[in-house]
Amino acid sequence: MHWLILVIAGFFEVGFTFCLGKAKETAGTTSYLWIVGFFLSLSLSMYLLYRATQVLPIGTAYAVWTGIGAVGTVLMGIVFFKEPADFWRLFFITTLIASIIGLKIFSH
């Protein structure tokens, strides 16, 4: 159950970076709404990370949480913000995913 909470926390981390990107692209009231989404996602992500670390080792939980956030943010940047998707970028994202899986498999 705590692994699921940690994954959801990672998705909210991706959510707050997405909101940050959208706030940068917009102006006025729309920008403020994205900033509200940013703070809401940030708060939920941090709370869920806190909950997951009540049982999971903090080093592993934090590494998995940031890994999910990093991979998700890069993929969202490619899909939604037209960032480059060259070979090396995708190669290193793949190695990061493999590292996250390794931490999950070999943690106690």
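**Helical architecture and residue environments in a predicted model**

Ser41 lies in helix H2. In this predicted model, Ser41 has a relative accessibility of 11% and therefore counts as buried, the cut-off being under 20%. Leaving aside neighbours within four places in sequence, the contacts of Ser41 are with Phe12, Gly15 and Phe16. Ser43 is also found in helix H2, but its relative accessibility is 47%, so Ser43 counts as partly exposed. The C-alpha atom of Ser43 is separated by 17 Å from that of Thr73, a residue 30 places away along the chain.

The protein as a whole contains four helices and zero strands, and its elements accordingly run α-α-α-α from the N terminus on. The C-alpha trace spans about 50 × 35 × 15 Å along its principal axes. Of the 108 residues in the protein, 34% are buried. The accessible surface comes to about 6800 Å², and carbon and sulfur atoms account for 75% of that area. When contacts between residues at least 6 apart in sequence are considered, 72% of them join residues at least 24 apart. The protein carries 6 positive and 4 negative charges, whose mean positions are 8 Å apart.

The interior was examined next. The largest nonpolar core comprises 16 residues, and those with the most contacts inside it are Leu6, Leu49, Ala52, Leu56, Ala61, Val64 and Trp65. Two or more residues are given to this core by each of helix H1 (2-25), H2, helix H3 (58-80) and H4. The greatest contribution comes from H3, with seven residues. In soluble globular proteins, nonpolar side chains tend to be buried together. The surroundings of one core residue illustrate the arrangement: when residues up to four places away in sequence are not counted, Ala61 touches Leu6, Leu49, Thr53 and Leu56.

Aromatic side chains were considered separately. The count of aromatic pairs comes to twelve. In one pair, formed by Tyr47 and Tyr50, the ring centres are 6.4 Å apart and the planes meet at 40 degrees, so the pair is tilted. The angle lies between the limits of 30 degrees for stacked and 60 degrees for edge-to-face pairs. Both tyrosines lie in helix H2 (residues 28-52), where Tyr47 and Tyr50 are three residues apart, about one turn of the helix. Tyr47 counts as partly exposed because its relative accessibility is 44%, and Tyr50, at 47%, likewise counts as partly exposed.

Trp88 and Phe91 form an edge-to-face pair, with 5.5 Å from centre to centre and 85 degrees between the planes. These two residues are three apart in helix H4 (residues 87-106), so about one helical turn separates Trp88 from Phe91. With a relative accessible area of 54%, Trp88 is exposed, whereas Phe91, with 35%, is partly exposed. Aromatic residues also form a cluster, in which Phe18, Trp34, Phe80 and Phe81 are joined.

The loop between H3 and H4 contains Lys82 and Glu83. The phi angle of Lys82 is near 55 degrees, a positive value in a residue other than glycine. Lys82 has a relative accessibility of 68% and therefore counts as exposed, the cut-off being over 50%. Glu83, by contrast, has a relative accessibility of 33% and counts as partly exposed. Apart from neighbours within four places in sequence, Glu83 is in contact with Gly77, Ile78 and Arg89. The C-alpha atoms of Glu83 and Ile8, residues that are 75 apart along the chain, are separated by 25 Å.

How values were computed:
Residues are numbered from 1 along each chain as its sequence is written. This is a predicted model: local features need pLDDT of at least 70, side-chain atom pairs count only at pLDDT 80 or more; totals for chains, interfaces and linings use all residues. Side-chain values use heavy atoms; hydrogens and water are left out. Buried means under 20% relative accessible area, exposed over 50%, partly exposed in between (1.4 Å probe, protein chains only). Contact means heavy atoms within 4.5 Å. Accessible areas come from the Shrake-Rupley method with a 1.4 Å probe; for residues, only the protein chains shown count as cover. Lys and Arg count as positive and Asp and Glu as negative; His and the chain ends are not counted. The place of a charge is taken as NZ of Lys, CZ of Arg, CG of Asp or CD of Glu. Rings of Phe, Tyr and Trp (its six-membered ring) pair if their centres lie within 6.5 Å; planes under 30 degrees apart count as stacked, over 60 as edge-to-face and the rest as tilted. A nonpolar core is a set of buried Ala, Val, Leu, Ile, Met, Phe, Trp, Tyr and Cys residues joined through side-chain atoms within 4.5 Å.
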